[in-house]
Amino acid sequence: MVNIAILGFGTVGSGVYEVLDVNRESITKKTGDEINVKYVLDLREFPGQPVEKVLVHDYDTIVNDSEVDIVVEAMGGTDPAYTYAKKALESGKNYCTSNKELVAKYGPELLELAKKNNKNFLFEASVGGGIPIIRPLNHSLTSDEILEITGILNGTTNFILTKMDREGLDFDTVLKEAQDLGYAERNPEADVEGYDACRKIAILSSLAFGENVNYEDIYTEGITKITDTDFKYAAAMNRSVKLLARCKREDDKFFAMVAPFMVGSEFPLYSVAGVLNGVLVKGNTVGDVMFYGSGAGKLPTASAVVSDVVEAAKHLNTNIMTIWSSKKLELGDKSEAVNSFFVRVGKASEATAKELFGDVEVCSAEGVEGEFAFITAAMKEKDFADKISKIADVKQVIRVQK
């Protein structure tokens, strides 16, 4: 029997408990041993519920119990999760988490601590919810040099942009609907400003390239300035707008960014709609590989956590190699990155725009008047910034995925 402890009995924690119960028989077969929830740590009481029998309120009860093999953390944040993770690994327990903040900030340190103690620090559910992406990067794609990772990594923003696209609604209207449906928090800043996606692409980039990508070094732009007018132009060009998190290798440089991009219908992530997530990985020999599915939610995320529990149970005293060095990966300056740009300016600036940007793709949209819109050729960000600064009445700028 493999004993586990679950930290936090909220959405994900209770989902882990449920998945282990509902799929008990098949999980036992795949693990080769029975998984037993010995403890659940939470500050609350759950009178009359089955979890009441294993509920504890003191983490030391778990750490000091030598029979606990695996600690499953589903709390979020870095305090006290970081302390709990260190204590668990130092006391000879494996640690599985869905906590992207913890992984993005302390991943290399906790992986090294796990290796030192011949245990495992696993975090499949920290990116993409139920989508298997961490393990494929760590195992299935190891024969390839990863050239680029591009993802739609936040279900809240993807829901908002999809509704704006399909129903012609403005940002504020859709955000309120997302909040009413429970897809967005009362304070949605982490989602709509791109911070959540930023942490996730930092994790994926670190695994793909083997060195630590600091999420604070990634240029991040949210979706709050995207308008229904932008989608009118996009529709006319058979395009849409998506919040993309990207990291790519160009020669000997690495560039990372989170920002809205206008994408065409031929782009693989174009059809990723609603609260779903998608990750596109480009390898030097395998080419494009896409992962698609539920990026959040109780049971999809819990399913990914339980997959880590099974993996840890199979390797209780064997460290699974994960290449993620604490050495910092220096990102190229954003100003040197190359992109095309969709631009809307006041009608009076049409001549100036054509003079500055030369041969541009002129855009039009039904019902939109009094402005001039165009798509530039590919150019360095710094060159675009210099040119656009010479136009006084810029209404919108969105990068274009090509």
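Modeller: Before we start, one cut-off: helix angles under 35 degrees count as roughly parallel, over 145 as roughly antiparallel, 65 to 115 as roughly perpendicular and the rest as oblique. Keep in mind, too, that this is a predicted model.

Colleague: Thanks! Why are α5 and α10 called oblique to each other?

Modeller: Helix α5, residues 100–116, packs with α10 at an angle of about 50°. That value falls in none of the three named ranges, so it belongs to the rest, which count as oblique. The two helices are therefore oblique to each other. Their axes are 9 Å apart, and the crossing is left-handed.

Colleague: Which residues make the contact between α5 and α10?

Modeller: On the α5 side they are Lys-100, Glu-101, Val-103 and Ala-104. Helix α10 contributes Asp-196, Arg-199, Lys-200 and Ile-203. Sorted by class, five of the contact residues are charged and three are nonpolar, with no polar ones.

Colleague: Staying with α10, what makes Ser-206 count as buried?

Modeller: Ser-206 sits in α10, which spans residues 195–209. Buried means under 20% relative accessible area. Ser-206 has 0% relative accessibility, so this residue counts as buried. Beyond its neighbours within four places in sequence, Ser-206 is in contact with Glu-211, Asn-212, Val-213, Ile-323 and Trp-324.

Colleague: Now to another serine. Why does Ser-98 count as buried at 16% relative accessibility?

Modeller: The cut-off is the one I gave for Ser-206: under 20%. With 16%, Ser-98 is under that cut-off and therefore counts as buried. Ser-98 lies in the loop between β5 (94–97) and α5. Apart from neighbours within four places in sequence, its contacts include Val-12, Glu-73, Ala-74, Thr-301 and Val-305. Ala-125 and Ser-126 are also in contact with Ser-98.

Colleague: Let's turn to the aromatic residues. How many aromatic pairs are there?

Modeller: Taking ring centres within 6.5 Å as the rule for a pair, the count comes to 14.

Colleague: How do you know that the pair of Phe-372 and Phe-374 is stacked?

Modeller: Two values settle that. The ring centres of Phe-372 and Phe-374 are 5.5 Å apart, so they satisfy the 6.5 Å rule for a pair. Their planes are at 25°, and planes under 30 degrees apart count as stacked, so this pair is stacked.

Colleague: Are those two rings' residues buried or exposed?

Modeller: Phe-372, at 4% relative accessibility, counts as buried. Phe-374 counts as buried as well, at 0%. Both belong to one aromatic cluster, together with Phe-341, Phe-357 and Phe-384.

Definitions and conventions:
Residues are numbered from 1 along each chain as its sequence is written. This is a predicted model: local features need pLDDT of at least 70, side-chain atom pairs count only at pLDDT 80 or more; totals for chains, interfaces and linings use all residues. Side-chain values use heavy atoms; hydrogens and water are left out. Helices (H or I, at least four residues) and strands (E, at least two) are DSSP runs, numbered from the N terminus. Buried means under 20% relative accessible area, exposed over 50%, partly exposed in between (1.4 Å probe, protein chains only). Contact means heavy atoms within 4.5 Å. Axes are lines fitted to C-alpha atoms, for helices over the stretch in contact, and angles run from 0 to 180 degrees between N-to-C directions. A crossing is left-handed if the near helix is turned anticlockwise from the far one by less than a right angle, and right-handed if clockwise. Ala, Val, Leu, Ile, Met, Phe, Trp, Tyr, Cys and Pro count as nonpolar, Asp, Glu, Lys and Arg as charged, and the others, Gly among them, as polar. Rings of Phe, Tyr and Trp (its six-membered ring) pair if their centres lie within 6.5 Å; planes under 30 degrees apart count as stacked, over 60 as edge-to-face and the rest as tilted.
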